[in-house]
Amino acid sequence: MKVLVPIKRVIDYNVKARVKPDNTDVDLANVKMAMNPFCEIAIEEAIRLKEAGTATEVIAVTIGAKASQEQLRTALALGADKAIHIETDEKLESLHIAKLLAKLVEQESPELVILGKQSIDSDNNQTGQMLAALTNRGQGTFASKVDINNNTVNVTREVDGGLQTVALSLPAIVTTDLRLNEPRYASLPNIMKAKRKPLEVIAADSLGVDLAPRVQLVSVEEPAKRSGGIIVEDVAQLVEKLKTEAKVI
(Lines give C-alpha, C1' and ligand atoms only; values in the text may rest on other atoms or scores of the structure.)
Protein backbone atom coordinates (compact mmCIF):
# COMPACT_ATOMS: atom_id res chain seq x y z
CA MET A 1 0.00 0.00 0.00
CA LYS A 2 1.33 3.42 -0.98
CA VAL A 3 0.81 6.28 1.47
CA LEU A 4 1.09 9.94 0.47
CA VAL A 5 1.78 12.48 3.23
CA PRO A 6 1.48 16.21 2.42
CA ILE A 7 3.49 18.42 4.80
CA LYS A 8 3.85 22.18 5.24
CA ARG A 9 6.67 24.56 6.19
CA VAL A 10 5.58 26.93 8.96
CA ILE A 11 7.08 29.14 11.66
CA ASP A 12 8.40 26.95 14.48
CA TYR A 13 5.72 26.69 17.16
CA ASN A 14 8.21 27.86 19.81
CA VAL A 15 8.76 31.16 17.99
CA LYS A 16 6.51 34.18 18.55
CA ALA A 17 5.29 35.45 15.19
CA ARG A 18 5.96 39.12 14.39
CA VAL A 19 3.96 41.39 12.11
CA LYS A 20 5.72 43.54 9.51
CA PRO A 21 5.84 47.26 10.36
CA ASP A 22 3.56 48.08 7.40
CA ASN A 23 1.01 45.41 8.48
CA THR A 24 1.14 43.70 5.09
CA ASP A 25 1.98 40.22 6.40
CA VAL A 26 3.80 38.18 9.02
CA ASP A 27 7.54 38.89 9.14
CA LEU A 28 9.46 35.74 8.16
CA ALA A 29 12.92 37.33 7.99
CA ASN A 30 15.46 35.37 10.06
CA VAL A 31 12.68 33.31 11.63
CA LYS A 32 13.18 29.63 12.45
CA MET A 33 10.95 27.47 10.25
CA ALA A 34 9.87 23.89 10.86
CA MET A 35 7.44 21.21 9.80
CA ASN A 36 3.85 21.85 10.86
CA PRO A 37 3.22 19.83 14.08
CA PHE A 38 0.11 18.13 12.68
CA CYS A 39 2.15 17.12 9.62
CA GLU A 40 4.74 15.53 11.91
CA ILE A 41 1.96 13.39 13.35
CA ALA A 42 0.86 12.41 9.83
CA ILE A 43 4.41 11.38 8.87
CA GLU A 44 4.77 9.39 12.09
CA GLU A 45 1.53 7.51 11.46
CA ALA A 46 2.55 6.66 7.89
CA ILE A 47 5.93 5.37 9.07
CA ARG A 48 4.26 3.25 11.76
CA LEU A 49 2.02 1.73 9.08
CA LYS A 50 5.13 0.84 7.09
CA GLU A 51 6.88 -0.62 10.13
CA ALA A 52 3.80 -2.75 10.81
CA GLY A 53 3.93 -4.10 7.25
CA THR A 54 0.66 -2.42 6.24
CA ALA A 55 2.25 0.21 4.00
CA THR A 56 4.96 -0.54 1.46
CA GLU A 57 5.95 3.03 0.50
CA VAL A 58 5.68 6.43 2.17
CA ILE A 59 5.92 9.53 -0.03
CA ALA A 60 6.21 12.99 1.51
CA VAL A 61 5.09 15.98 -0.55
CA THR A 62 5.16 19.70 0.04
CA ILE A 63 4.08 22.74 -1.95
CA GLY A 64 5.99 26.00 -1.73
CA ALA A 65 9.30 27.75 -2.29
CA LYS A 66 12.64 25.99 -2.64
CA ALA A 67 13.32 26.40 1.09
CA SER A 68 10.50 23.89 1.75
CA GLN A 69 12.88 21.11 0.73
CA GLU A 70 14.39 21.38 4.20
CA GLN A 71 11.17 19.98 5.67
CA LEU A 72 11.05 17.27 3.02
CA ARG A 73 14.55 16.17 4.05
CA THR A 74 13.31 16.03 7.62
CA ALA A 75 10.46 13.75 6.51
CA LEU A 76 12.96 11.54 4.70
CA ALA A 77 15.12 11.40 7.81
CA LEU A 78 12.11 10.33 9.85
CA GLY A 79 11.50 7.40 7.52
CA ALA A 80 9.73 8.48 4.33
CA ASP A 81 10.98 6.64 1.24
CA LYS A 82 10.93 9.53 -1.21
CA ALA A 83 9.83 13.13 -1.45
CA ILE A 84 8.11 15.31 -4.02
CA HIS A 85 8.39 19.09 -4.06
CA ILE A 86 5.76 21.03 -6.00
CA GLU A 87 7.69 24.26 -6.34
CA THR A 88 6.07 27.69 -6.46
CA ASP A 89 6.76 31.09 -4.94
CA GLU A 90 3.07 32.06 -5.05
CA LYS A 91 1.14 32.53 -1.82
CA LEU A 92 -1.41 29.75 -2.16
CA GLU A 93 -4.83 29.24 -0.60
CA SER A 94 -6.30 25.99 0.70
CA LEU A 95 -8.18 25.31 -2.54
CA HIS A 96 -5.01 25.80 -4.61
CA ILE A 97 -3.17 23.32 -2.38
CA ALA A 98 -6.01 20.79 -2.60
CA LYS A 99 -6.14 21.03 -6.41
CA LEU A 100 -2.38 20.57 -6.74
CA LEU A 101 -2.48 17.59 -4.39
CA ALA A 102 -5.40 16.14 -6.37
CA LYS A 103 -3.22 16.22 -9.50
CA LEU A 104 -0.47 14.42 -7.62
CA VAL A 105 -2.90 11.84 -6.26
CA GLU A 106 -3.98 11.20 -9.84
CA GLN A 107 -0.35 10.62 -10.86
CA GLU A 108 0.83 8.56 -7.87
CA SER A 109 -2.43 6.67 -7.09
CA PRO A 110 -1.81 6.25 -3.34
CA GLU A 111 -4.26 4.02 -1.46
CA LEU A 112 -4.09 6.36 1.54
CA VAL A 113 -3.40 10.08 1.95
CA ILE A 114 -2.61 11.18 5.52
CA LEU A 115 -2.23 14.87 6.30
CA GLY A 116 -2.47 17.15 9.30
CA LYS A 117 -5.94 18.44 10.08
CA GLN A 118 -4.66 22.05 9.91
CA SER A 119 -1.53 24.17 9.84
CA ILE A 120 -0.59 26.39 12.75
CA ASP A 121 -0.11 29.47 10.55
CA SER A 122 -3.27 29.89 8.47
CA ASP A 123 -5.22 27.51 10.77
CA ASN A 124 -7.87 26.90 8.11
CA ASN A 125 -8.61 23.17 8.52
CA GLN A 126 -9.78 22.91 4.90
CA THR A 127 -7.27 21.15 2.68
CA GLY A 128 -8.03 17.54 3.68
CA GLN A 129 -11.76 17.95 3.19
CA MET A 130 -11.30 19.72 -0.15
CA LEU A 131 -8.89 17.02 -1.34
CA ALA A 132 -11.41 14.31 -0.47
CA ALA A 133 -14.10 16.10 -2.47
CA LEU A 134 -11.83 16.69 -5.48
CA THR A 135 -10.63 13.06 -5.58
CA ASN A 136 -14.02 11.54 -4.68
CA ARG A 137 -12.55 9.63 -1.74
CA GLY A 138 -13.95 8.92 1.68
CA GLN A 139 -12.58 11.08 4.47
CA GLY A 140 -11.86 10.53 8.16
CA THR A 141 -11.01 13.83 9.85
CA PHE A 142 -9.50 14.61 13.28
CA ALA A 143 -8.20 11.05 13.64
CA SER A 144 -7.09 9.96 17.12
CA LYS A 145 -6.73 6.31 16.00
CA VAL A 146 -6.27 4.68 12.59
CA ASP A 147 -6.75 0.94 12.05
CA ILE A 148 -6.40 -0.62 8.60
CA ASN A 149 -7.88 -4.05 7.89
CA ASN A 150 -7.68 -5.31 4.32
CA ASN A 151 -9.42 -2.66 2.18
CA THR A 152 -11.05 -0.83 5.06
CA VAL A 153 -9.60 1.89 7.30
CA ASN A 154 -11.34 2.52 10.62
CA VAL A 155 -10.81 6.07 11.86
CA THR A 156 -11.65 7.01 15.43
CA ARG A 157 -12.30 10.73 15.58
CA GLU A 158 -13.00 13.10 18.42
CA VAL A 159 -16.40 14.75 18.34
CA ASP A 160 -18.37 16.82 20.85
CA GLY A 161 -19.21 14.57 23.76
CA GLY A 162 -17.15 11.53 22.83
CA LEU A 163 -15.53 9.46 20.10
CA GLN A 164 -16.89 8.43 16.72
CA THR A 165 -15.48 5.62 14.55
CA VAL A 166 -16.02 5.70 10.81
CA ALA A 167 -15.17 2.90 8.37
CA LEU A 168 -13.77 4.04 5.02
CA SER A 169 -13.13 2.00 1.93
CA LEU A 170 -9.68 2.46 0.45
CA PRO A 171 -8.52 4.64 -1.21
CA ALA A 172 -9.25 7.28 1.43
CA ILE A 173 -8.17 10.58 2.98
CA VAL A 174 -7.32 10.86 6.70
CA THR A 175 -6.48 14.02 8.65
CA THR A 176 -4.63 13.72 11.95
CA ASP A 177 -5.37 15.14 15.38
CA LEU A 178 -2.92 15.69 18.25
CA ARG A 179 -3.70 12.51 20.15
CA LEU A 180 -3.04 10.12 17.26
CA ASN A 181 0.62 9.52 18.18
CA GLU A 182 3.84 11.00 19.53
CA PRO A 183 6.22 11.87 16.65
CA ARG A 184 9.78 10.55 16.82
CA TYR A 185 13.00 12.52 16.43
CA ALA A 186 15.29 12.04 13.45
CA SER A 187 18.61 10.41 14.37
CA LEU A 188 21.88 11.73 12.98
CA PRO A 189 22.54 8.62 10.83
CA ASN A 190 19.06 8.91 9.32
CA ILE A 191 19.60 12.62 8.65
CA MET A 192 22.72 11.71 6.68
CA LYS A 193 20.93 8.93 4.82
CA ALA A 194 18.08 11.33 3.92
CA LYS A 195 20.49 13.31 1.73
CA ARG A 196 20.72 10.32 -0.60
CA LYS A 197 17.01 9.59 -0.83
CA PRO A 198 15.18 10.71 -4.01
CA LEU A 199 13.57 14.16 -4.04
CA GLU A 200 11.58 15.01 -7.16
CA VAL A 201 10.85 18.64 -8.04
CA ILE A 202 7.73 19.52 -10.05
CA ALA A 203 6.87 23.05 -11.17
CA ALA A 204 3.41 23.96 -9.91
CA ASP A 205 2.62 25.65 -13.24
CA SER A 206 3.11 22.32 -15.05
CA LEU A 207 0.14 20.69 -13.28
CA GLY A 208 -2.48 22.79 -15.04
CA VAL A 209 -4.03 24.35 -11.93
CA ASP A 210 -5.24 27.95 -11.92
CA LEU A 211 -3.30 29.56 -9.06
CA ALA A 212 -4.90 33.00 -9.32
CA PRO A 213 -5.74 34.30 -5.82
CA ARG A 214 -9.41 34.33 -4.73
CA VAL A 215 -8.75 36.04 -1.40
CA GLN A 216 -7.10 39.42 -0.87
CA LEU A 217 -5.02 39.98 2.25
CA VAL A 218 -6.00 43.42 3.50
CA SER A 219 -3.83 43.69 6.61
CA VAL A 220 -2.25 41.70 9.43
CA GLU A 221 -2.34 42.99 13.01
CA GLU A 222 -1.27 41.62 16.36
CA PRO A 223 -4.11 40.80 18.77
CA ALA A 224 -4.88 43.38 21.42
CA LYS A 225 -2.88 42.92 24.61
CA ARG A 226 -4.87 41.46 27.46
CA SER A 227 -5.46 43.71 30.43
CA GLY A 228 -4.69 42.53 33.93
CA GLY A 229 -7.36 40.86 36.05
CA ILE A 230 -8.84 42.25 39.25
CA ILE A 231 -10.01 40.68 42.51
CA VAL A 232 -13.54 41.52 43.67
CA GLU A 233 -14.63 41.54 47.28
CA ASP A 234 -17.90 39.65 46.91
CA VAL A 235 -20.41 38.21 44.43
CA ALA A 236 -22.44 41.40 44.37
CA GLN A 237 -19.45 43.40 43.15
CA LEU A 238 -18.70 40.71 40.53
CA VAL A 239 -22.26 40.85 39.21
CA GLU A 240 -22.14 44.65 39.11
CA LYS A 241 -18.91 44.67 37.07
CA LEU A 242 -20.28 42.04 34.67
CA LYS A 243 -23.29 44.29 34.11
CA THR A 244 -21.66 47.71 33.89
CA GLU A 245 -18.14 47.04 32.60
CA ALA A 246 -18.09 43.73 30.77
CA LYS A 247 -21.74 44.10 29.71
CA VAL A 248 -22.20 40.35 29.45
CA ILE A 249 -25.30 40.13 31.63
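The exercises below concern a predicted model.

**Exercise 1.** Is Leu-180 buried or exposed, and where does it lie?

Solution.
Step 1: Leu-180 sits in the loop that runs between β12 (172-176) and α5 (188-194).
Step 2: The relative accessible area of Leu-180 is 10%.
Step 3: Buried means under 20% relative accessible area, so Leu-180 is buried.

**Exercise 2.** Which residues is Leu-180 in contact with, leaving aside its neighbours within four places in sequence?

Solution.
Step 1: Two of the residues in contact with Leu-180 are Ile-41 and Glu-45.
Step 2: The others are Ala-143, Ser-144, Lys-145 and Val-146.
Step 3: For Gln-126, 54 residues from Leu-180 along the chain, the C-alpha separation from Leu-180 is 19 Å.

**Exercise 3.** How many residues of helix α2 (residues 69-78) are buried, and which are they?

Solution.
Step 1: Seven of the ten residues in α2 are buried, and the helix is mostly covered.
Step 2: The buried residues of α2 are Gln-69, Gln-71, Leu-72, Ala-75, Leu-76, Ala-77 and Leu-78.
Step 3: After α2 comes Gly-79, with a positive phi near 140°.

**Exercise 4.** Which residues form a nonpolar patch on the surface with Val-239, and what is the accessible area of the patch?

Solution.
Step 1: Val-239 belongs to helix α6 (residues 235-244).
Step 2: Val-239 has a relative accessible area of 30%. Partly exposed lies between under 20% (buried) and over 50% (exposed), so Val-239 is partly exposed.
Step 3: The nonpolar patch joins Val-239 with Val-235, Val-248 and Ile-249.
Step 4: Together these four residues have about 370 Å² of accessible area.

Notes:
Residues are numbered from 1 along each chain as its sequence is written. This is a predicted model: local features need pLDDT of at least 70, side-chain atom pairs count only at pLDDT 80 or more; totals for chains, interfaces and linings use all residues. Side-chain values use heavy atoms; hydrogens and water are left out. Patches are made of residues with over 30% relative accessible area and no salt bridge: like charges are joined within 9 Å, nonpolar side chains (Val, Leu, Ile, Met, Phe, Trp, Tyr) within 5 Å. Accessible areas come from the Shrake-Rupley method with a 1.4 Å probe; for residues, only the protein chains shown count as cover. A salt bridge is a side-chain nitrogen of Lys or Arg within 4 Å of a carboxyl oxygen of Asp or Glu. Helices (H or I, at least four residues) and strands (E, at least two) are DSSP runs, numbered from the N terminus. Buried means under 20% relative accessible area, exposed over 50%, partly exposed in between (1.4 Å probe, protein chains only). Contact means heavy atoms within 4.5 Å.
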